Amino acid sequence: MEKWRSSQNLLRCYSRRLLRRRLDSESEHAASTSSSRFVYKHANSCKSSIRPLQRTLWISRLQFGVYTRVSQPPPTKIDGYHRFQTRSFSLEARKIQRNPSYAAIMPDDIHYFKEILGEKNVIQDEDKLSAANMDWMQKYKGSSQLLLQPRNTEEVSQILKYCNSRKLAVVPQGGNTGLVGGSVPVFDEVIINLSSMNNTISFDEVSGILVCEAGCILENLDNFLANQGFMMPIDLGAKGSCQIGGNVSTNAGGIHFVRYGSLHGNILGLEVVLPNGTVLDMLGALRKDNTGYDLKHLFIGSEGTLGIITKVSILTPPRLSSTNVAFLACTDFIYCQKLLQEARRTLGEVLSAFEFLDSHCMNMVLTHLDGVRNPLPPSVSNFYVLIETTASDELYNKEKLEAFLMRSMEGGLISNGVVAQDLSQASSFWHIREGITEAVAKAGAIYKYDLSLPVEQLYNIVEEMRRKLGQSAKVLGYGHLGDGNLHMNISTPKYDDTVLAEIEPFVYEWTSKHRGSISAEHGLGLMKANKIHYSKSRESVQLMVAIKKQMDPNGIMNPYKVLPYSMLYE
């Protein structure tokens, strides 16, 4: 109660300062919409007698302790999944043919797998196979007739040793939440699902180092760590389904990249089973180890093409007690950029997330997701920025955020905004940002592009794509502005190869011309395996191919993915 009263006193004091600025400005007959023309209000006092000016910033306080966002389940678990547009085989799959050197599953193979795994862990049921053969967007579909569920590293080793000797191609699979067709078969590859390997092995409360199996669900790990006062360094919208092995294999980024960096910096060690069944033990728990080549980095981001990750050692940060979430409106993307610059300068070390979305994203979410409301009514702004700050000291965190908001208002960077006053409001803000993918999928066909670009160039490609496609599609831009990661989604009523021909290769050529990356965090998978040259030099790709051939001479590991088919198989 004392904290609440203290907060109210602060708000009243802060509001008076802003009101004085307004009166001073009016007394000087200011005619322009200068940065001082703001009214600062508590969100529960919207009917104030003070008449809002052209720009009004609605502010409410967020005061709570440990803050955990509720994950958004992938659309495979939501109502309306059957309404998604489907496309059985992508164009990429049609361009390649099954490698004739791979063997086909025979009855003797089934018998062997049942001997080592037990009958219930060798899946041939059509319904279960149908789900495992298709990605959650229903864009990529394979025709595997066999799904294996190993329970430990030794079983994974036996599977791969046998498959390698038989030249049976395999595809490792975790939560199957990928977006580029990397976790499903292209043809009849054997699916090796690691969901049964979901044990937490150890946690060191002094160092914050967690060791676990690859099949652990990200949200479960985060909940486990919450009881220890720690948290996972990555946070994804699919955290309720994705698995840590898949996160590492794709080098997943997420919303906290701006604070905690990539998995290349947080993964301390791995246990990996190589294609020939050899178990590579790199499961170190040391933060400093400068002995020879750091081989674990070969497997982070390799998407299961070099081996199967079975265990992970990861450095986890402390879970800080004070969190603020602000939802702000900007009239132009240049103001979003300047707001990021101001956030880095003013918020500094407390900044833990800096996300943006455009008006097309907001309209899509308001139209297709039940129960979602615009936090800043009545109209939809051109752009929105979602900022999260975390710190161990509540007063310090509050003062940093308020200093940032004051400077941003005075600089005219914000046209409207609200700071969450409780967990429910904070979750509703995040639901808007994380619900975009779900909303777009419900609208019809979807073409998704995950690009890394210089921040000043990041939104230009969205505008160019709108001009190029005209009324034939809706182009949405959103993503992790704090680390230059754009998610460009193109929505059409149905999949249309004519539309796709307008999008590709233009999107890749434009990104390459501006020295960006065609995959910021989703990986290459099947979708972009033949597009890698837009981001990597020929010499770099040739070295990758040489490494792949050396480590997987029979090419059984997740074939047709990541690297160009022509360089690997022809």
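This briefing describes a buried glutamate, an open sheet, and a strand that pairs on two sides of the chain's fold in a predicted model. Glu-504 lies in a loop between two helices, α17 and α18, and it is buried without a salt bridge. Elsewhere, an open sheet of 4 strands shows mixed pairing, and strand β8 pairs with β7 and with β11.

**Glu-504 and its surroundings**

- Glu-504 is found in the loop that follows α17, residues 497–503, and precedes α18, residues 506–513.
- Although Glu-504 is buried, it takes part in no salt bridge, and the nearest side chain of opposite charge, that of Lys-531, is 4.1 Å away; because a salt bridge requires the charged atoms to be within 4 Å, this pair does not count as one.
- The side chain of Glu-504 does make polar contacts with two tyrosine side chains, at 2.6 Å with Tyr-449 and at 3.5 Å with Tyr-508.
- When neighbours within four places in sequence are set aside, the residues in contact with Glu-504 are Tyr-449, Met-527 and Lys-531.

**The open sheet of 4 strands**

- The strands of this open sheet follow the order β3-β4-β6-β5, and their pairing is mixed.
- At the edges stand β3 (122–123) and β5 (170–173), and each of them has a single partner strand, so one side of each is left without a neighbour in the sheet.
- Strand β4, residues 147–148, runs parallel to strand β6, residues 190–193, and 2 bridges join them, with Leu-148 standing opposite Ile-192 in β6.

**Strand β8 and its partners**

- In strand β8, which covers residues 209–213, 5 of the 5 residues are buried, so the strand is largely enclosed by the rest of the structure.
- In a regular strand, side chains alternate between the two faces of the sheet.
- In β8, Ile-209, Val-211 and Glu-213 point one way while Leu-210 and Cys-212 point the other way, and all are buried.
- Strand β7, residues 200–204, pairs with β8 in the antiparallel sense over 4 bridges, and Asp-204 stands opposite Ile-209 in β8.
- Together β7 and β8 form a hairpin with 4 residues between the strands, and in this turn Gly-208 has a positive phi of about 75 degrees.
- Strand β8 is also joined by 5 bridges to strand β11, residues 308–315, and the two run antiparallel; within this pairing, the bridge partner of Glu-213 in β11 is Lys-311.

Terms used. Residues numbered from 1 in each chain as written. Predicted model: local features only at pLDDT ≥ 70, side-chain atom pairs only at ≥ 80, totals over all residues. Heavy atoms only, no water. Buried < 20%, exposed > 50% of the residue type's maximum accessible area, 1.4 Å probe, protein only. Lys, Arg positive; Asp, Glu negative; His and termini not counted. Polar contact = N/O pair within 3.5 Å; in protein donor to acceptor, adjacent residues only side chain to side chain. Contact = heavy atoms within 4.5 Å. Pairing = 2+ DSSP bridges.
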